[in-house]
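Please find below my notes on the model, set out as numbered points for a reader at the bench.

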Amino acid sequence: MDVRRCVYLDHAASSPMCAEALAAERAYEGLDIAGANPNSLHTLGRKAAQALEASRHELARCVGGGFRPADVTFTSGGTESNNLALVGMSEGARARDRRRMRVIVSAIEHDSELDVIPSLRDRGFEVTLVRPNRAGVVTAEAVDALLDDAVALVSVMSANNETGVVQPIAAIARVARARGALVHTDAVQAFGRIPLKLDDVDALSVAAHKIGGPTGVGALVMRGRCPFRPQMFGGGQERGRRPGTQDVRGAQAFAAAARACCDHLAERRMVVSARAQRLYDELCAPRTGIVPTTTATIDEGRLPGLVSVMVPSMDSETLVLKLDQLGFEVSAGSACSSGSLEASHVLLAMGIARADALGSLRISFDERADEEGLAAFAAALLGIVAGARP
């Protein structure tokens, strides 16, 4: 197959920078505050601080849920935000009430949460994993069954990074808050793609590079009343929650990308969902040898622009490399878990057989992926699978 350009379909790993974010970075470079420390008392420092606060205001507006600009703590990305949330909020809850010694985390979380569990246990917390159903949904009922008055924190992602399945965060938050537990959600994949329901959520993690912003910038958005123990020290920036000189340029580009996504969310969602559904229908038609990982629908139960499928007769590494040779960039499940033939922990937690899970692919895109490129990708994958049959 003659492919004259790369078709990038791995936005869930990292989305190429959008025009708005690039423009914000270029604008910053032309300002007199470029490179100025926003914590300095001189004129340029104060102007840089004002620019940083403007970005904070924009992110709080885009997040919604009653969060204020002061609730936005800039970080280096989603991984740091998740680490800070799990450890800092758990310790904060325990400091306020010594009975709070338990943490509930879903079994389908990103590794930036699951890999924190040993550290939480070392700190004396009991950590319980809540499993999803076969559709990949962590239900409020499943969380409620594990709750008691000793739970410090419940953390469930807003939408899964491998399957795209949207979780019932509002319902989970209500049952958790009813027992006095704090609630955090990893909204890295969901932010800017679907409306967030955060009224009863205490904190959420977001990252710029998932929505067309720069890499290395994220935020932990946490209500001011939320008990929290800082995990880094020195300087007192970000109200002491995360010290260190802030990246004003990155914050401005993040805010610009967030504004572009959130102000046009409905129309972009409609376009991307329709393209994803057509791709899903073509790939998973009868007798193609390709099956979906979940029964959740793109309209309501799954992120727009994320198609999660399996080829049970093949392994995902082979598929990814063959597609790459043809000019199509996709991932084998989660990009952070690539490089091995271990089956996805998400798919295994859903009850999918290991042999089937080893053939999983994640195809993810935004409105910049045109129908021609998606059609060419579908033809390429179908051809590879058909050619591998005995």
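1. Buried area here means the accessible area, found with a 1.4 Å probe, that two parts lose on being put together, summed over both. On that basis, about 2,500 Å² is buried between domain 1 and domain 2, and carbon and sulfur atoms give 51% of this area.

2. The model is predicted, so local features need pLDDT of at least 70 and side-chain atom pairs count only at pLDDT 80 or more, whereas totals for chains, interfaces and linings use all residues. Residues are numbered from 1 along each chain as its sequence is written, and side-chain values use heavy atoms, with hydrogens and water left out.

3. The domain bounds, which come from an automatic or database assignment, place 7-15 + 265-388 in domain 1 and 19-259 in domain 2. The centres of the two domains, taken over C-alpha atoms, are separated by 27 Å, and the contact (heavy atoms within 4.5 Å) takes 33 residues from domain 1 and 33 residues from domain 2.

4. Between domain 1 and domain 2 the count of salt bridges is zero, a salt bridge being a side-chain nitrogen of Lys or Arg within 4 Å of a carboxyl oxygen of Asp or Glu. Helix 11 (345-349) is among the elements that give two or more residues to the side of domain 1 that touches domain 2, and helix 11 gives the most to that side, with five residues. Helices (H or I, at least four residues) and strands (E, at least two) are DSSP runs, numbered from the N terminus.

5. Over the chain, the secondary structure comes to 13 helices and 12 strands, and the C-alpha trace spans about 70 × 55 × 35 Å along its principal axes.

6. The salt-bridge rule gives a count of 22. In one salt bridge the side chains of Arg 56 and Glu 238 meet at 2.7 Å, N to O. Arg 56 lies in helix 2 (residues 43-63) and Glu 238 in the loop between strand 8 (218-222) and helix 8 (248-263), so this pair ties together parts that are 182 residues apart in sequence.
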